Amino acid sequence: MVDHERLLTMLSRLQLTAIRDQLDNLLDEAGRQELTLRETLAFLCEREIARKDERRILMAMSIARFPKVATLEGFDFTSQPSIDERQVRELSASRWIAHGENLLLLGPPGVGKTHLAIALGREAIVCGYSALFVTAPALVAHLARAHSEGKLDEKLTHYAKPKVLIIDELGYLPFASDAAHLFFQLVSRRYERGSLCITSNRTVSEWDVVFGDTVTASAILDRLLHHSHVITVRGESYRLKEKRRAGIMVHQHADFTKTTKQS
Ligand code: ADP
Ligand code: MG
């Protein structure tokens, strides 16, 4: 008979914590299902891997600093006909990240660009990639501060590390004079190494205005667009649309009470 405590100690030492914590239940379950030794071992491994994946995903999600929870399941494709659902589903398999390609999500405010960027970032993490979310103004501010403190290289390395870097809201604020060049250095550092996912309310042709410098803008675009996917979302703000729909429903309800009263 194997000493129970000794078994737990060995499982701890092997860091098989899911098996350790559920040992009796798992063995009972294996017995109930009349699993062979080999099947039992596979069953235990599956549980351990599931736990480790879960932990890894939770850890990676917290490192990614997503500003909120947004998932692909929670995205209503029917209300956004300008988005090709198949293209988004294809992107959710994260092959674009495996290949170091970029993704641009363009369109007016409120159409779901940030939602999609976060959702695809989550999918990337589930696929085993690292992700980091930052807004364009925060990114530029961090780079500018690091630059003035003589630590630019360190900061560039930090932002070059994640396999996919999501830069949200490029173009809402114009760049300060030397910010475009800092941004260019980041894009260069990541070029063909890691993916960028950028959301913007400006079309690509307006980016020289955003960067305030045509030459730098075209150097940035040259690298960004080389291997890239572009999703242009059209239409009006999802929230406004929802509000109006709620408004219409209230209206219909009022009409309904009126007609029932009349009858
Ligand atoms: P954008 O980044 O384009 O300005 P957001 O992604 O912030 O827009 O979307 C605004 C709000 O509307 C968010 O709360 C988002 O979750 C929600 N939203 C936008 N589009 C959709 C959609 N198609 N399905 C579900 N929620 C959506
Ligand atoms: Mg947004």
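Two strands count as paired if DSSP finds at least two bridges between them. Helices (H or I, at least four residues) and strands (E, at least two) are themselves DSSP runs, numbered from the N terminus. The model on view is predicted, so local features need pLDDT of at least 70 and side-chain atom pairs count only at pLDDT 80 or more, while totals for chains, interfaces and linings use all residues. Residues are numbered from 1 along each chain as its sequence is written, chains are lettered from A and ligands numbered from 1 in the order in which they are written, and side-chain values use heavy atoms, with hydrogens and water left out.

**First stop: the sheet**

Select the strands. An open sheet of 5 strands appears, in the order 2-3-4-1-5 and with parallel pairing. Strand 2 and strand 5 (228-232) stand at the edges with a single partner strand each, so one side of each has no neighbour in the sheet. On average, neighbouring strands are turned by 15 degrees against each other, direction ignored; angles run from 0 to 180 degrees between N-to-C directions, and axes are lines fitted to C-alpha atoms, for helices over the stretch in contact. Strands of a sheet pair through backbone hydrogen bonds, either parallel or antiparallel.

**Second stop: strand 1 and its partners**

Select residues 102-106, which form strand 1. Strand 1 pairs with strand 5 in the parallel sense over 5 bridges. Asn102 stands opposite Ser228 in strand 5, and Leu105 stands opposite Ile231 in strand 5. Now add strand 4 (residues 195-200), which runs parallel to strand 1 and is joined to it by 4 bridges. Here Leu103 stands opposite Cys197.

In a regular strand the side chains alternate between the two faces of the sheet. Asn102, Leu104 and Leu106 point one way from strand 1, Leu103 and Leu105 point the other way, and all are buried (under 20% relative accessible area; exposed is over 50% and partly exposed in between, with a 1.4 Å probe and protein chains only).

**Third stop: strand 2**

Move to strand 2 (131-135). Of its 5 residues, 4 are buried. Strand 2 runs parallel to strand 3, and 5 bridges join them. Ala131 stands opposite Val164 in strand 3.

**Fourth stop: two helices**

Select helix 5 (residues 85-92) together with helix 7; they pack at an angle of about 35 degrees, with their axes 9 Å apart. Val88, Leu91 and Ser92 of helix 5 make the contact with Leu116, Leu120 and Glu123 of helix 7, where contact means heavy atoms within 4.5 Å.

**Fifth stop: the pockets**

A pocket is an open set of points on a 1 Å grid over the protein atoms alone, with protein on both sides within 12 Å along at least five of seven lines, and lining residues have an atom within 4 Å of a point. A volume is the space filled by probe spheres set on the points, which are joined across faces, edges and corners.

The largest pocket has a volume of about 470 Å³. Select Lys68, Gly110, Gly112, His115 and Arg239, the closest to its centre of the 19 lining residues. Helix 7 (113-126), strand 3 (164-170) and helix 13 (238-262) each give two or more residues to this lining, and helix 7 gives the most, with 3 residues.

The second largest pocket has a volume of about 220 Å³. Its lining includes Ile63, Arg65, His142 and Tyr159. Strand 2 supplies the largest share of this lining, 5 residues.

Methods:
On a 1 Å grid over the protein atoms alone, a cavity is a set of points where a 1.4 Å probe fits but cannot get out, and a pocket is an open set with protein on both sides within 12 Å along at least five of seven lines; lining residues have an atom within 4 Å of a point.
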